[in-house]
Amino acid sequence: MMNLGGFKNKEILVDLTKGVVGFRELNEEDAKKYIGGRGLGVKYVLDNGPEVEPFSEENVLCIMTGPVTGSRSSMSGRLAVVTKSPLTGTVTDSHIGGWTAARLKWAGIDNIIFSGKSDKPVYLYIENGQAELCDASDVWGTSTRATIKAMKNKYGEEDLSVMAIGQAGENTVRYASFINEHDRAAGRGGTAAVAGYKKLKAIVIKATQKGNMPEPKLKEEYKEANKKAVRAILDGGLTAPNKGGLSVYGTNVLTNLINEVGALPTKNSQFTHWDEAEKHSGEYVNQHLLVKNNTCHACPVGCKIEVEVKDGKYKTRVESIEFESAWSVGSNCLLSDAEAISFLIDRCNEYGIDTIELGHAFSVTMEAYEKGFITEELHWGDADAMIELTRKIAFREGFGGVLAEGPARATALWGVPELSMSVKGQSIPAYDPRGIQGIGLGYATSNRGACHLRGYTVASEIAGIPEPTDRLKPEGKGELLKIFQDMLAFSDSMNICKFSSFSENAEHYAEQYSAMTGIPMTAEDVMKAGERIYNLERYYNNLAGFNKREDDFLPKRFTEEPASGNSAGVVSRMDIMLDEYYEVRGWKEGLVPEEKLRELGIINPSSGQLV
């Protein structure tokens with residue numbers, strides 16, 4: 001019997017091939033070593049075997065909470081979806097906010113592991129610690145929102161959370177996303193495409209908070225640890241409710257700032273500054289389109305910006321114009337119309353599509369057409385054509401089927417792979433690696449393909465958190481990145497929002513974890529656990545075929561073509577940073593050596609077997 005606080009000690013095992021639902025207790029040693037959420041999910045995916053095909057019955061889809069999920073801990077409403085990505089071929093985890101994670105924990109469940117493939121559309125219904133597979137034939141072929149509405153009609157809207165796939169997931173678009181009832185997305189890596197392959201339409205959870213919140217092992221210590229963490233958030237410069245930039249403007253507060261320093265990838269990263277970007281910035285949206293600030297479970301920040309276009313062809317009400325989404329279909333494609341951008345994001349939520357990857361699908365097509373590499377016509381900033389192409393991608397209709405494979409595969413098919421601004425098949429987010437050197441190293445070494453969320457060095461290089469570093473200086477970025485990667489690996493596994501790291505530190509995390517679980521933990525232990533998880537992911541990828549230095553790369557545009565704006569003349573200095581990073585990590589040309597695996601307890605010191 002598990003002796004850790006915070007966990008419900010119950011996982012659902014769903015064999016979709018057999019249509020069987022079972023249950024098991026958590027392995028306490030795994031939970032101690034890999035914390036929960038992302039870390040424990042990666043362990044399950046590795047145990048399942050790195051050689052499996054993403055679109056296969058053998059691949060598993062893990063829905064994971066952490067030890068503080070659904071508790072009174074601030075920002076503890078995150079859910080991790082972990083699998084082998086059909087976009088990259090790496091292990092991937094994608095996180096969704098709102099109340100889905102909290103309700104899963106309140107329903108008495110820690111995690112769900114799906115295996116196999118159903119011969120008909122199904123959804124999983126969970127209530128009071130029980131679960132059943134139900135026929136989803138009547139909602140198959142419908143959008144995420146239509147599915148969510150149907151489930152609300154069936155089970156009642158109160159105390160209900162639904163995360164669903166749309167037509168993009170059903171049609172195995174390699175960057176399809178789960179969407180829940182609050183328009184929150186598990187966006188990256190194509191996790192919903194794995195669900196679509198398995199004929200899994202939705203996960204429906206009925207649960208109330210009353211009497212079901214996780215119980216901390218050390219109640220008084222937890223109360224104090226939580227009070228300290230909340231105070232840090234309330235006093236934080238970015239996170240302060242109704243005062244900090246993240247709270248007032250949402251993530252889109254970054255548009256003007258990143259554009260000003262010359263690090264906003266523009267026109268498929270041909271430039272790093274665009275005068276028109278202000279028209280889709282957080283400040284502009286706040287003034288012209290904002291109707292409501294929303295939040296997630298136990299979050300005082302409220303960074304979710306709900307917007308409304310009241311009339312015209314782009315009429316919509318959607319949450320929300322995030323920085324990454326607005327940039328990807330905006331400046332990246334030379335589209336500045338915030339109303340059109342809002343509608344495009346609305347379509348992504350409706351079909352269940354990753355906005356970042358979609359914007360790149362547009363931009364590579366625009367550049368390839370402009371330069372005569374393809375005949376499919378798509379012009380820069382043509383919003384209406386982009387909206388129609390979004391539909392074609394979701395349904396794999398015509399040319400949309402090519403782009404549904406992802407920008408990296410599409411450009412390779414056209415014979416111009418250099419047009420894809422991607423790493424390991426996943427396209428870059430909204431920070432140019434020339435104007436912010438550390439984040440470029442982060443893209444290259446991310447375990448799930450290009451990603452800012454694996455190691456957010458932007459906090460230091462732009463915002464000066466926790467200490468400022470020179471954004472244009474490559475030296476020292478290997479060590480800086482490792483710190484961010486390890487700490488965020490821990491927070492993703494505790495399943496607390498990454499934005500907490502703008503105000504909280506490893507000591508805050510250690511105190512909350514210790515009081516909740518009853519396991520003594522220091523700030524140093526937090527970093528060691530994060531290092532273990534990051535190396536576990538890298539070990540998986542090594543075994544999956546990502547086992548050479550060339551896999552940790554940036555597109556040549558970033559290393560050979562200089563930036564513009566206030567980063568003019570600068571290129572990414574990966575040649576300096578990658579060597580330093582490997583040395584700090586203790587890796588050999590991208591490989592995790594056996595001695596590192598033994599040191600971190602990933603493999604048995606005596607037998608060499610995975611433990």
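Throughout this tour, a residue is called buried when its relative accessible area is under 20%, exposed when it is over 50%, and partly exposed in between, using a 1.4 Å probe and protein chains only. The model is predicted, so local features are given only at pLDDT of at least 70 and side-chain atom pairs only at pLDDT 80 or more, whereas totals for chains, interfaces and linings use all residues. Residues are numbered from 1 along each chain as its sequence is written, and side-chain values use heavy atoms, with hydrogens and water left out. Helices (H or I, at least four residues) and strands (E, at least two) are DSSP runs numbered from the N terminus.

**Stop 1: S269**

Select S269, which sits in the loop between α9 (254–260) and α10 (282–288). With 0% relative accessibility, S269 counts as buried, and its phi is near 65 degrees, a positive value in a residue other than glycine.

**Stop 2: M75**

Go next to the loop between β3 (61–64) and β4 (79–84), where M75 is found. M75 also has a positive phi, about 65 degrees, although it is not a glycine, and with a relative accessible area of 3% it is buried.

**Stop 3: A80 and its surroundings**

From M75, move along to strand β4 and select A80, a buried residue with a relative accessible area of 0%. Contact here means heavy atoms within 4.5 Å; leaving aside neighbours within four places in sequence, A80 is in contact with G37, R38, C62, I63, M64, S94, H95 and N495. For a sense of scale, select A563 as well: A80 and A563 are 483 residues apart in sequence and 35 Å apart in space, C-alpha to C-alpha.

**Stop 4: helix α2**

G37 and R38, both among the contacts of A80, lead into helix α2, which covers residues 37–48. The twelve residues of α2 reach 17 Å from the first C-alpha to the last, close to the expected 16 Å, where the expected span is 1.5 Å times one less than the number of residues. This helix is mostly covered, with ten of its twelve residues buried; they are G37, R38, G39, L40, G41, V42, K43, Y44, V45 and L46. Just after α2, select G49, which takes a positive phi of about 110 degrees.

**Stop 5: helix α19 and its flanks**

Before reaching α19, stop in the loop between α18 (458–461) and α19, where P466 lies. A cis peptide bond joins I465 and P466, with omega at about -5 degrees.

Then select α19 itself, residues 477–494, whose 18 residues reach 26 Å from the first C-alpha to the last, close to the 26 Å expected at 1.5 Å a residue. Because 16 of the 18 residues of α19 are buried, this helix is largely enclosed by the rest of the structure. Just after α19 comes N495, with a positive phi of about 65 degrees, and N495 is one of the residues in contact with A80.

**Stop 6: where α2 meets α19**

Show both helices together: α2 and α19 pack at an angle of about 85 degrees, with their axes 4 Å apart. Axes are lines fitted to C-alpha atoms, for helices over the stretch in contact, and angles run from 0 to 180 degrees between N-to-C directions. That angle makes α2 roughly perpendicular to α19, on a scale where angles under 35 degrees count as roughly parallel, over 145 as roughly antiparallel, 65 to 115 as roughly perpendicular and the rest as oblique. In this contact, G37, R38 and G39 of α2 meet L488, A489, D492 and S493 of α19. By class, the contact has two nonpolar, three polar and two charged residues, with Ala, Val, Leu, Ile, Met, Phe, Trp, Tyr, Cys and Pro counted as nonpolar, Asp, Glu, Lys and Arg as charged, and the others, Gly among them, as polar.

**Stop 7: L344**

Now select L344 in helix α12 (residues 338–351), buried with a relative accessible area of 0%. Not counting residues up to four places away in sequence, L344 touches V329, L335, F362, M386, I387 and T390.

**Stop 8: α13 and α16**

Finish with helix α13 (residues 355–370) and helix α16 (residues 407–414), whose axes come within 9 Å and cross at roughly 20 degrees. That crossing angle makes α13 roughly parallel to α16. On the α13 side, E357, H360, A361, V364, T365 and A368 meet P407, T411 and W414 in α16, and the residues of this contact divide into five nonpolar, three polar and one charged.
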